[in-house]
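Thanks, everyone. Let's walk through this one quickly, starting with a single loop and working outwards.

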Amino acid sequence: MKKSKVLLFVILPMLTASVVISCNAQINFHNECIEMRHTYRDMLLDILDTTPYDNKSSEEIMMQEALKPITISSVETYYIEGMNYDDYETRDDSWPAWHHLMKAADIAACGYKKNNPKITDIATKMVYYWVFTDHRSSNWWFNEIGCNRHLTNAAMFIFDKLNPKGQAALLGKLRQSSLYYRPALMSHSGANLIDFADITLKNAILSENQPEFITSVQRMEREIVDINEEGFQKDGSFFQHGRQVQTCSSYGKSLIRMGNFFHVVSASSYQI
């Protein structure tokens, strides 16, 4: 038998086995992403505030939040009438556009909890408005952390309701805060780093991007193993803005998000 035929008999089974392993790995990660999204949703129901909407119909929610339709990119979206989305100079938590996404996430959670498609549709159209526009604050934190944190929360409930163009636009927004797509963000520390890792994790789960998922988990693992100027210290305290101890009423809130992060990851094969 010629050497070429021998090599063919040897190499073909190896290639076939490699393809099978790769496909199985993709299927496994797909299933894990579905499970992690369920875990995130159940967890968010205890975190997000649905009380303003729990006893309201979809029509009442529309009136309560002064939501108005506007067509963008051939898609009907909802914006909040009277809200100044172009107030770029606000540097605290009163930046108007920030509240659009907070409300979208709360309404999305309400729609999921009540299994009400009409309420879910409201949140979906609010998310459409955000991903098809480009409202930005003068404060970098809102643009890269704050807004995308709320956007990921809403997306956990309504991502499958978006059309392909909407999904692509949403993921494009989130990539601005991804440690995988923007490695320079790795230089952050403390609460900011934890938030970036959490947004990266959610983006990876939504897009089923395994390398992005691993990047997020490995960076978060380093945050609790390596002792740096900021973040966890040997005595269990948490520093931010230099060697300043933070409480759970300030940057220490990130400790809670870190716990949520580990809880979600525990539903995968990449447990820390």
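Start at asparagine 115. Asparagine 115 sits in the loop between α3, residues 96–114, and α4, residues 117–131. This is a predicted model, so keep that in mind throughout. The phi of asparagine 115 is near 50°, a positive value in a residue other than glycine. Most residues other than glycine have a negative phi. Is asparagine 115 buried or exposed? Exposed, because its relative accessibility is 66%, and the cut-off for exposed is over 50%.

There is a second case of this kind. Alanine 66 has a phi near 55°, again positive and again not a glycine. Alanine 66 belongs to the loop between α2, residues 58–64, and β1, residues 67–72. Its relative accessibility is 25%, so alanine 66 counts as partly exposed.

Back to asparagine 115, and to a pocket. Which residues lie nearest the centre of the second largest pocket? They are Tyr112, Asn115, Thr120, Phe157 and Lys161, out of 16 lining residues. Four elements give two or more residues to that lining: α1, residues 3–45, along with α3, α4 and α5. The largest share comes from α4, with four residues. The volume is about 250 Å³. By type, the lining splits into six nonpolar, five polar and five charged residues.

Now the cavity. The whole structure holds one cavity of 30 Å³ or more. About 80 Å³ of space lies inside the largest cavity. What lines the largest cavity? Trp130, Asp134, His135, Arg136, Phe142, Asn143, Cys147, Asn148, Lys173 and Gln176. Helix α5, residues 140–158, gives the most to this lining, with four residues. The mix here is three nonpolar, four polar and three charged.

Stay on α5 for a moment. Histidine 150 is in that helix. Why does histidine 150 count as buried? Because its relative accessible area is 12%, and the cut-off for buried is under 20%. What does histidine 150 touch, leaving out residues up to four places away in sequence? Trp98, Leu101, Met102 and Ala105.

Next, two loop residues around β2. Serine 73 is in the loop between β1 and β2, where β2 covers residues 75–80. At 33% relative accessibility, serine 73 counts as partly exposed. Beyond its neighbours within four places in sequence, serine 73 is in contact with Phe132 and Lys165. Take tyrosine 128 as well. Serine 73 and tyrosine 128 are 55 residues apart in sequence, but their C-alpha atoms are 9.6 Å apart in space.

On the other side of β2 is glycine 82. Glycine 82 lies in the loop between β2 and α3. Its relative accessibility is 79%, so glycine 82 counts as exposed. Proline 96 is 14 residues away from glycine 82 along the chain. Their C-alpha atoms are separated by 9.9 Å.

Now step back to the whole chain. How many helices and strands are there? Nine helices and four strands. From the N terminus, the order is α-α-β-β-α-α-α-α-α-α-β-β-α. The protein has 272 residues, and 47% of them are buried. About 13,500 Å² is exposed, with carbon and sulfur atoms supplying 54% of that. Take the contacts with a separation of 6 or more. Residues 24 or more positions apart account for 65% of these.

Last, confidence. The mean pLDDT is 83, and 74% of residues reach 70 or more. Where is confidence highest, and where lowest? Helix α4 is highest, at 98. Strand β3, residues 231–232, is lowest, at a mean of 57. There is one stretch to flag: over residues 6–22, the pLDDT is below 50. Beyond near neighbours in sequence, that stretch has three contacts in the model.

To recap the sites: asparagine 115 is exposed and is one of the residues nearest the centre of the second largest pocket. Histidine 150 is buried, and its helix, α5, gives the most residues to the lining of the largest cavity. That's the tour.

Terms used: Residues numbered from 1 in each chain as written. Predicted model: local features only at pLDDT ≥ 70, side-chain atom pairs only at ≥ 80, totals over all residues. Heavy atoms only, no water. Buried < 20%, exposed > 50% of the residue type's maximum accessible area, 1.4 Å probe, protein only. Contact = heavy atoms within 4.5 Å. Areas by Shrake-Rupley, 256 points an atom, 1.4 Å probe, with all protein chains shown as cover. 1 Å grid on protein atoms, 1.4 Å probe; cavity = no way out; pocket = protein on both sides within 12 Å on 5 of 7 lines; lining within 4 Å. Points joined across faces, edges and corners; volume = space filled by probe spheres on them. Nonpolar A, V, L, I, M, F, W, Y, C, P; charged D, E, K, R; others polar. pLDDT = per-residue confidence, 0-100.
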